[in-house]
Amino acid sequence: MIRQDTRKVEFGDFQTPDELASQAVRLLATRKIAPATIVEPTCGRGSFLVAALKQFPHSGAAIGLEIQPDYFKVAHERVMSLHCSQRVDMRQADFFRFDWSKIFAEAPEPLLVIGNPPWVTASQLGALESGNLPRKSNFQNHRGLDAVTGKSNFDIAEWMLIHLLEWLKGREAVLAMLVKTSVARKVLCHAWKQGWPLVEAAIYAIDAGRFFGVSADAGLLVCRVGKGQSVTRCGIYDLDSPETLRQSLAFHNGWLLSDWDAFERHQVLLRGPHHASLYRSRSGVKHDCSKVMELTRNPGGLMNGHGQIVTVEPDYLYPILKGSAVANGRKKRASKYMLVTQTQTGDPTNVIRTAAPNTWTYLTIHSKELDGRGSSIYRTRPRFCVFGIGEYTFSPWKVAICGLYKRLEFSVIGPRDGKPVVVDDTVYFLSCQSKEEADLLAVLLDTPEAREFLASFIFWDAKRPITAEILGRLDMEALAKMHGKLARLMTLTKRTTAMKAQPRLL
Ligand SMILES: C[S@@+](CC[C@H](N)C(=O)[O-])C[C@H]1O[C@@H](n2cnc3c(N)ncnc32)[C@H](O)[C@@H]1O
């Protein structure tokens, strides 16, 4: 049983129900796709291969490949029962050891490469010590070893689709693959960044829970390559109502937009590349050692994550709001604190020894954990340093949002016990000097225009849907102007419109 489960993970094994494969090929037929060659590169039990052979009886050739012998046998028998064996080349083989560029170069056009590639990531394969990986997995700047050790990660389907598109270059072909939507996006983004001409791109969303029993956004990615005008948009539809456009992804300015129409409607809010805005979105403090650096006040005193009571001076101690508290509006909780050992990234930390001897002793006692922080960012920096630190960290008021949560809700955070509240590195914020300024920004950020503009860049199924970069694309002054609040904003920031050229950039 365990072995079976392991194999399922290793081969990313989610066999497509026949009903879904038939629906997908019917859709392709309505899109005027009439292949001369059908290719199913990881055909499993053959549902796509069989459906495509039935839907396109005039295709001259078909190739089906599958690594697992049991599935290969089933697929082979199913294909043989269609009585078209003379045009089908079935191989039990490994996708990664197959010369696809040669096959594609020799196959009659147009080609249809169709299927449902494995649903597994490089780090899952690494954990299983599986060899079901591309031989050279130096991919998208992830070194193979990093992927295997889990330091960096990518979906095997992403690797397969990107390489299939590369091998199809110069040919008339359609790639139609069932994948997670996040994989589809990465493949499209890669193709667009590389300038590969896609003459058509669409995603037809499916209910992955219903068909595969998994909770993931997934769909049929359809990309046409070959002659024709290239596109940088990709319509999103539901496979069940393929005529109704939900929204369009787009590649613009080197960015992938989730909703082109919303972006176009609110383009006026886009911060120009050289526009020095009053505000710059910042992220919270990163320390990678919460057990030591974060303390909770309870009746016995300050306690660290090891459950030890700690004696430190107040000098380096700041109230903290974690991302979950920001997201859930629990702004009043005053019990958590963070040791912030610097005010700028380059600050020496050994001054703590004399400025706050108890704090220094505490850090030294836990030096093994702090010195052992894995990230390379700590290596050449002062001992016990933190990251994401600057004047902005200590601004008294902040308008903040947690990057991990799936809602565009900003919170106003004010000082506590006379000290600025700091946030962790899952939180992004704009710095403000007064409550009035923060309240005004929060109101502006809650307008439909700001929400739609920001949402046009956000992919809600991403691990961290909201980023400082996305927030930084919004021109706060343009937003204030749109709502007749620019003069008020300038007054609150003690600036005049003429002074805008020297931004405060907190
Ligand atoms: C998500 S399943 C889909 C199967 C089939 N395409 C379908 O739509 O039903 C992925 C398939 O890829 C096969 N597979 C995994 N790694 C492979 C490899 N290296 N070469 C060929 N097939 C592979 C698995 O055995 C499995 O049948």
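Let's start with an open sheet of 4 strands, which runs in the order β11-β20-β17-β18 with antiparallel pairing. At its edges you'll find β11 (282-283) and β18 (411-413), and each of these pairs on one side only. Keep in mind as you look around that this is a predicted model.

Now zoom in on the middle of that order. Strand β17, residues 397-402, and strand β20, residues 427-432, pair in the antiparallel sense over 6 bridges. If you'd like one pair of residues to find on screen, try A400: its bridge partner in β20 is F429.

There's another open sheet to visit, this one of 6 strands. Read across it and the order is β14-β13-β12-β16-β15-β19, and here the pairing is mixed. Its edges are β14 (309-310) and β19 (422-423); each has a single partner strand, so one side of each is left without a neighbour in the sheet.

Strand β16 is a good place to pause in this sheet. With strand β15 (residues 317-321), β16 (residues 336-339) pairs in the antiparallel sense over 3 bridges. Strand β12 (residues 294-298) also pairs with β16 in the antiparallel sense, over 3 bridges. Which residue of β16 is the bridge partner of Y318? That would be M338. Look at M338 once more from the β12 side: M338 is the bridge partner of E294 too.

Next, head over to the ligand. A shell of 24 residues surrounds it, and the closest are T16, E40, T42, E66 and N132. What kinds of residues make up that shell? They divide into 12 nonpolar, 9 polar and 3 charged.

Some of those closest residues come with distances you can check for yourself. Take T16: an N or O atom in its side chain is 2.5 Å from an oxygen atom of the ligand. E40 also uses its side chain, with a polar atom there lying 2.7 Å from a nitrogen atom of the ligand. For T42, look at the backbone instead: one of its N or O atoms lies 2.6 Å from a nitrogen atom of the ligand.

How much of the ligand does the protein bury? Taken alone, the ligand exposes 580 Å², and the protein buries 100% of that. The space the ligand takes up is the largest cavity. So when you go hunting for the ligand, look inside that cavity, with T16, E40 and T42 among the closest residues around it.

How values were computed:
Residues numbered from 1 in each chain as written. Predicted model: local features only at pLDDT ≥ 70, side-chain atom pairs only at ≥ 80, totals over all residues. Heavy atoms only, no water. Near = heavy atom within 4 Å. Polar contact = N/O pair within 3.5 Å; in protein donor to acceptor, adjacent residues only side chain to side chain. Areas by Shrake-Rupley, 256 points an atom, 1.4 Å probe, with all protein chains shown as cover. 1 Å grid on protein atoms, 1.4 Å probe; cavity = no way out; pocket = protein on both sides within 12 Å on 5 of 7 lines; lining within 4 Å. Sits in = over half its atoms within 2 Å of the grid points. Nonpolar A, V, L, I, M, F, W, Y, C, P; charged D, E, K, R; others polar. Pairing = 2+ DSSP bridges. Helix = DSSP H or I, 4+ residues; strand = E, 2+ residues; numbered from the N terminus.
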